[in-house]
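Got the viewer open and a free hand on the mouse? Here is a short tour, one selection at a time.

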Amino acid sequence: MHRIVVALRRLAAAAVLPTLALAAAAPAVRAQHLLVYMDDDQANHLKAYGLTYGALKDGLKAEWLLNYRGGSFLLPDTPELRRRAALTGVSYEPLDDGTLAGVRSEVAGGNMDAVVLEKAPKIAIYTPPKSPPWDDAVTLALTYAGIEYTTVWDDEVLRGELSKYDWLHLHHEDFTGQLSKFYLAYRGAPWFAEQVQRNLAQARQEGFANVPGLKKAVADGIRQFVERGGFLFAMCGATETLELAVAGHDVDIAGTFSDGSPVDPDADAKMEWERSFAFRNAHVEQSPLINSMSDIDGHQVNVPGRRQPLGAFTLFAFSAKFDPVATMLVQDHRSVIPDFYGVTTSFTKGTLKPAVRVLAFEEGAPWVKYIHGDYGKGSWTFLGGHDPEDPQHSIGNPPTDLSLHPNSPGYRLILNNVLFPAAKKKPLKT
């Protein structure tokens, strides 16, 4: 009997030992954290944003390590996140608690900070039902990164449906209702005639006599979205024309071709710049023969004799601990980025409101490239230019293939804005 008991105990011990061995080996198989580094070692910067956004959408917490290795992301180590990273080509480094403690010590001791990302923002893109013959950099970036978004148009804005979303981007729209004055060069093009008719039909459906009236109402709906706490991001001509439409809400700033009446000769004096986000005291371009909206844009790309050459812009180096918001918006693995044209390429310094934060500038130039500010309970960010990887982009050119530019520093600026609303607000250090 004694021999049988001893034998059973030996069998039980033999069965338990492999289990204990597996348990002991488990930490070596999986760490507690994944560091998605964003310096030059990252294989796909753009999809790293999608990986992080996906983690937030799944209810996981993440951290943005500002100014650490290009603005890295810290994610929980899960089999699903490892699988997604492998499928999308995103580089990462597993970290155990001890290694992470060293990272946190480095962050604490330098111009760095850790910001908690809590919830994936609900994203909307204001875009026409049938896209015009040019692409939109933000739509390309979100699609390539794998970040979900919903499209909205004039009717949704006027019905107040922007309240469903946290973050809004504006396709390259002219909110003055003049279709960027493209009639000067494209009035015989079928796509232009189709846009004119579609916008006019939309205006009449919504009860407006003309397109400028419709677009001004839409611009005010966007202004109210920000005022109530929304996050707005815009590029190219949408930046300048949104501001003109908001400040010129009760002023005729559109040419005869678009609303049947000439621009008010006293338009400059009647503009209500206290309603706008970023600009003040701008001069409205009144000539219907000059393809420019105002003197807000410094480069005037479509005006012979005014067009300025492209240079490069520098991202401002902010203090991560004292100015985390601005620091988030400039996270990048490059501090100097080649410039790129757009209907609105840059923003003249003389038209900026005093409270505007300049995020990127061209050394010695009278304009800046990238700006940010608060408005009511929300905030806005404007980036000049059309496509960071296509500096001379023209109507009809094929869309940029981001699989050829997975490490684009210019497109990173766009995606910084997508994750910015996910950040947990923390009290500023004094």
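Which residue caps the N-terminal end of H9? Select Asn210 to find out: one of its side-chain oxygens lies 2.8 Å from the backbone nitrogen of Gly213, and that is the cap. Keep in mind as you click around that this is a predicted model.

Now colour the whole of helix H9, residues 211–227. With 17 residues at 1.5 Å a residue, H9 should span 24 Å, and its end C-alpha atoms are indeed 24 Å apart, so expectation and model agree. Turn on the surroundings and you'll see that H9 is largely enclosed by the rest of the structure, because 13 of its 17 residues are buried. Just after the helix, click Gly229, which takes a positive phi of about 125°.

Next stop, a sheet. Show the five strands in the order S4-S1-S3-S2-S5: they make an open sheet with antiparallel pairing. At the edges sit S4 (93–95) and S5 (113–117), each pairing on one side only. Look along the sheet and you can follow the twist, which averages 25° from one strand to the next. Zoom in on S2 (residues 62–66) and S5, which pair in the antiparallel sense over five bridges. There, Leu65 stands opposite Ala114 in S5. Add H2 to the view: this helix packs on the sheet, touching S1, S2, S3 (72–76) and S5, and its direction makes about 35° with that of S3.

While you're there, pick Gln42, in the loop between S1 (33–36) and H2 (45–57). Is Gln42 buried or exposed? It counts as buried, because its relative accessibility is 3%. The side chain of Gln42 reaches the backbone nitrogen of Asn44 at 3.1 Å. Leaving aside neighbours within four places in sequence, the contacts of Gln42 include Tyr37, Val90 and Asn407.

Last, the aromatic rings. The model has 13 aromatic pairs. Select Trp167 and Phe233: their ring centres are 6.1 Å apart and their planes at 15°, so this pair is stacked. It links distant parts of the chain, with Trp167 in S8 and Phe233 in S9, 66 residues apart. Trp167 and Phe233 are both buried.

Then try Phe313 and Phe340, an edge-to-face pair, 6.3 Å centre to centre with 65° between the planes. Phe313 is in S10, while Phe340 is in the loop between S11 and S12. These two are buried as well. Finish with Phe279, Phe347, Trp380 and Phe382, which ring pairs link into a cluster.

How values were computed: Residues numbered from 1 in each chain as written. Predicted model: local features only at pLDDT ≥ 70, side-chain atom pairs only at ≥ 80, totals over all residues. Heavy atoms only, no water. Helix = DSSP H or I, 4+ residues; strand = E, 2+ residues; numbered from the N terminus. Buried < 20%, exposed > 50% of the residue type's maximum accessible area, 1.4 Å probe, protein only. Polar contact = N/O pair within 3.5 Å; in protein donor to acceptor, adjacent residues only side chain to side chain. Contact = heavy atoms within 4.5 Å. Expected span 1.5 Å × (residues − 1). Pairing = 2+ DSSP bridges. Axes fitted to C-alpha atoms, helices over the stretch in contact; angles between N-to-C directions. Phe/Tyr/Trp six-rings, centres within 6.5 Å; stacked < 30°, edge-to-face > 60°.
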